[in-house]
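Hi,

Here is the structure I promised to pass on to you. Have a look at it first, and then read my notes below.

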Amino acid sequence: MELHITRRTNRIRSPRPRKRNSLNRYMRGVGFLFILPWLLGFVLLKAFPILAALGFSFTNFRMLQPDQTQFIGIQNYITFFRDPRAGSSLFRSITYFVTTVPIEMVVALGLAALFSSERLRATRILRTLYFMPSIIPAIAISIVVSGLLNPNSGWLNQLILKPLDLPSLPGRGNFFQIVLALWTVGPGFLIMLSAMLNVPKEIYEAARVDGAGPAARFFSITFPMISPAVFFSLVINMISSFGGVALLDRGLPYSRSLSPMESYISSQLFTGSYNLGYASALAWMMFIVVMVITLALFYSTRYWVHFPEEDDNEEI
Amino acid sequence: MKKSSLRQQHSDVSTLTLRLWEFTGSSLLNLFVWIALVAYLAPLSYMLVTALKTAAQMRDANAPLWPARAAAFTYQGQSLLIYEVPTSAGLKQWALAEPHITYSEFVDPADPQAGLIRWDGYWGDLKLVYHPGVTLANFVSLWKTVNYPRLLRNTLIVISLGEIGILCSSIMVAYGFARFPIPGGRFLFFLLIGTIMIPDSITLVPTFVIFGRVLNWTGTFYPLIVPQFFGSAIYIFLLRQNFKSIPRDLDEAAMLDGAGPLRTLVSIILPQSIPTVVTVALLHFFNAWNEMKMASLYLGVRPDLQTIAFSAQMYQSYGFTPEVLQAGALLLMLIPLAVLFLSQRVFMQDMVIAGVEK
């Protein structure tokens with residue numbers, strides 16, 4: 001507390017422009033040095049492939065006939081707007097983001113809240129067990145999913161629905177997607193849990209003394225305190241519902257992805273004509289959509305993501 | 001005097017009610033978690049049960065769900081499978097001796113002296129009789145086909161070096177983004193997020209040109225390890241969120257005391273971020289453990305350098321059937337699960353460390 005006051009008074013009493021400037025310059029330099037590893041990696045390893053992909057999107061590059069590659073202008077982008085399958089893949093990705101991602105995040109948040117509670121016993125083994133479905137490797141996961149959820153021979157039908165005389169499940173589709181998302185909740189759960197463990201316990205004690213119940217404590221302390229981690233999960237889940245990257249890789253090959261849009265891009269890339277040009281254009285269209293959503297999400301942070309000393313740095 | 005004892009009594013009752021409430025709440029919470037666990041354990045139990053089945057049971061659609069073996073009866077030196085045969089005298093368990101299309105001949109294991117019994121109908125429609133029984137044959141055949149010690153050694157080399165690289169670089173970069181007024185920092189940060197949004201498959205070819213042609217790293221571990229030393233955009237983002245949620249009071253105090261930025265990072269920021277740093281380390285461990293895209297691209301030419309996930313990808317080409325694949329997947333999960341379980345110790349201790357710092 002004392003320190004806080006010193007800092008404030010310092011700020012008011014000592015403008016000292018010259019010294020402040022040199023300090024600022026020093027801080028900028030140090031900050032730049034700290035981000036240098038990533039910047040170097042970006043320039044050396046990432047920038048060329050990304051620019052190349054942008055270049056490919058204006059050509060008819062087919063991986064099997066690279067010598068017939070020609071510059072075709074924005075033809076690939078025009079094709080995108082006339083391609084109903086591309087549109088429906090993009091739409092299904094948006095649907096995934098709007099329906100499955102919230103369910104996944106609420107479950108991850110709920111699990112993290114449960115597991116950070118001191119009332120729960122045997123948390124070490126329980127956390128491990130809850131995380132476990134998230135690391136089932138790619139070679140097994142599709143067999144497991146159909147073995148459990150198959151409308152006829154699956155365990156769910158044989159062991160639960162049939163004995164209880166309930167109708168069998170509606171084939172493939174959203175239900176599979178949601179179940180699979182719940183079995184992939186592990187990393188989000190881990191991230192939110194670690195954020196909750198970072199919240200100082202004294203704050204809860206103070207709130208408890210003030211008579212705040214569990215729900216009030218969650219919404220007025222836990223959620224604001226971990227909102228940066230929730231925001232991270234939201235952005236990453238959003239990006240992975242379109243493509244790009246998954247928080248946890250089960251070891252799927254390139255040609256198989258859980259996101260509809262990325263699956264379509266891969267199908268253009270690894271089947272038929274191996275059309276890298278059109279696939280790149282699709283990826284860039286997806287990039288624009290995802291970037292717009294990301295910027296909107298970042299804009300929204302000022303209303304619900306809490307950082308200490310928000311006023312000190314206006315940057316998000 | 002009287003009044004105060006009354007108050008005492010009253011508060012005793014209310015603590016008791018409170019305790020009762022707390023006990024009920026805790027029990028319900030524990031109960032709920034254990035019930036919900038069923039949904040999360042279903043995949044593992046399916047894998048385990050399947051891995052313990054024989055190939056013959058997997059092929060039989062009428063076989064029970066649990067691991068079981070078809071019952072057999074030895075008749076005149078031959079092992080015959082026992083079927084459930086519907087007869088006029090009810091359901092009989094007979095061993096099939098002479099299968100034909102329109103009729104078959106059976107032996108009654110209870111009375112083999114009676115000889116062959118003729119039964120009209122197609123034997124293929126009958127159900128086999130199963131007795132519970134597990135087999136470890138799937139694990140044995142995996143162990144014989146796959147060179148696990150070598151795969152494990154390769155994978156652990158890649159993971160441990162990569163882990164050092166990714167933790168050092170991501171922590172430093174995240175600290176830079178979280179705490180310093182970098183010129184154009186906002187743009188650079190969106191650039192960082194932007195790199196996550198472009199699918200690997202699109203940049204696959206030019207990336208291969210860099211690693212394979214320019215650097216000539218095909219057939220080495222370098223393409224799997226070196227990029228980690230430049231940080232991972234996702235982990236940088238995650239760590240930055242965490243660093244930014246730590247109040248600045250302490251690190252500004254440390255700086256006033258003359259601690260340099262690196263010193264502040266190591267002695268002030270990191271001790272308050274242990275759960276998140278452990279999370280990043282774990283996520284990278286799991287990702288590197290399962291990573292097969294880079295491995296298949298750059299290590300395909302060197303079978304002696306293959307990693308465990310890459311080799312798992314080839315199980316299907318070895319002709320392994322689903323039950324062996326499940327056994328292989330279980331073996332593949334053993335070490336990540338052990339690492340996750342052991343890491344919980346760090347999660348439990350975190351508050352103590354953070355408490356000392358505060």
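What follows is a run through the two chains, their contact, the cores, one helix and one loop residue.

One thing before the details: this is a predicted model, so local features are reported only where pLDDT is at least 70, and side-chain atom pairs only at 80 or more.

**The two chains**

Chain A is built from helices: there are 13 of them and zero strands, so read from the N terminus the element string is just α repeated, α-α-α-α-α-α-α-α-α-α-α-α-α. It has 316 residues, and 35% of them are buried. If you take the contacts in chain A with a separation of 6 or more, 66% are between residues 24 or more positions apart.

Chain B brings in strands, with eight of them next to 14 helices. Of its 358 residues, 37% count as buried. Among its contacts between residues at least 6 apart in sequence, 65% join residues at least 24 apart.

What does the overall shape of chain B look like? Its C-alpha trace spans about 100 × 90 × 30 Å along the principal axes. The radius of gyration is 32 Å, where a compact globule of 358 residues would come out near 21 Å. The domain assignment gives domain 1 as 72–128 and domain 2 as 146–314 in chain B, and the C-alpha centres of these two domains of chain B are 64 Å apart.

**Where the chains meet**

The contact involves 89 residues of chain A and 93 residues of chain B. On the chain A side, helix α2 (residues 17–56) of chain A gives the largest share, 20 residues. By residue type, the side of chain A that touches chain B splits into 60 nonpolar, 16 polar and 13 charged.

**The cores**

Which residues touch the most other members of the largest nonpolar core? In this set of 137 residues, they are A:Phe189, A:Met192, A:Ala283 and B:Ile236. The biggest contribution to this core, 11 residues, comes from helix α11 (residues 214–242) of chain A. There is also a second, separate core of 11 residues, which includes B:Trp94, B:Phe106, B:Leu126 and B:Leu128.

If you want to zoom in on A:Phe189, leave aside anything up to four places away in sequence: A:Phe189 then touches A:Ala108, A:Leu111, A:Ala112, A:Tyr130 and A:Phe131.

**A covered helix in chain B**

Helix α8 (residues 233–244) of chain B has 12 residues and reaches 16 Å from its first C-alpha to its last, close to the 16 Å expected at 1.5 Å a residue. How many of the residues of α8(B) are buried? The count is 12 of 12. Among them are B:Ile236, B:Arg240 and B:Lys244; B:Ile236 is also one of the residues picked out in the largest nonpolar core.

**A loop residue to finish**

B:Thr54 sits in the loop between α1 (2–51) and α2 (55–59) of chain B. Buried, exposed or partly exposed? B:Thr54 is partly exposed, because it has 19 C-beta neighbours inside 10 Å, and a buried residue needs 20 or more. Apart from residues up to four places away in sequence, B:Thr54 touches B:Arg69, B:Thr135 and B:Ala137. B:Trp21, on the other hand, is 33 residues from B:Thr54 in sequence and 51 Å from it in space, C-alpha to C-alpha.

Over to you!

Key:
Residues numbered from 1 in each chain as written. Chains lettered and ligands numbered in written order. Helix = DSSP H or I, 4+ residues; strand = E, 2+ residues; numbered from the N terminus. Contact = placed C-beta atoms within 7 Å. Rg over C-alpha atoms; globule rule 2.2 N^0.38 Å. Nonpolar A, V, L, I, M, F, W, Y, C, P; charged D, E, K, R; others polar. Domains from an automatic or database assignment. Core = buried A, V, L, I, M, F, W, Y, C linked by C-beta atoms within 7 Å. Expected span 1.5 Å × (residues − 1).
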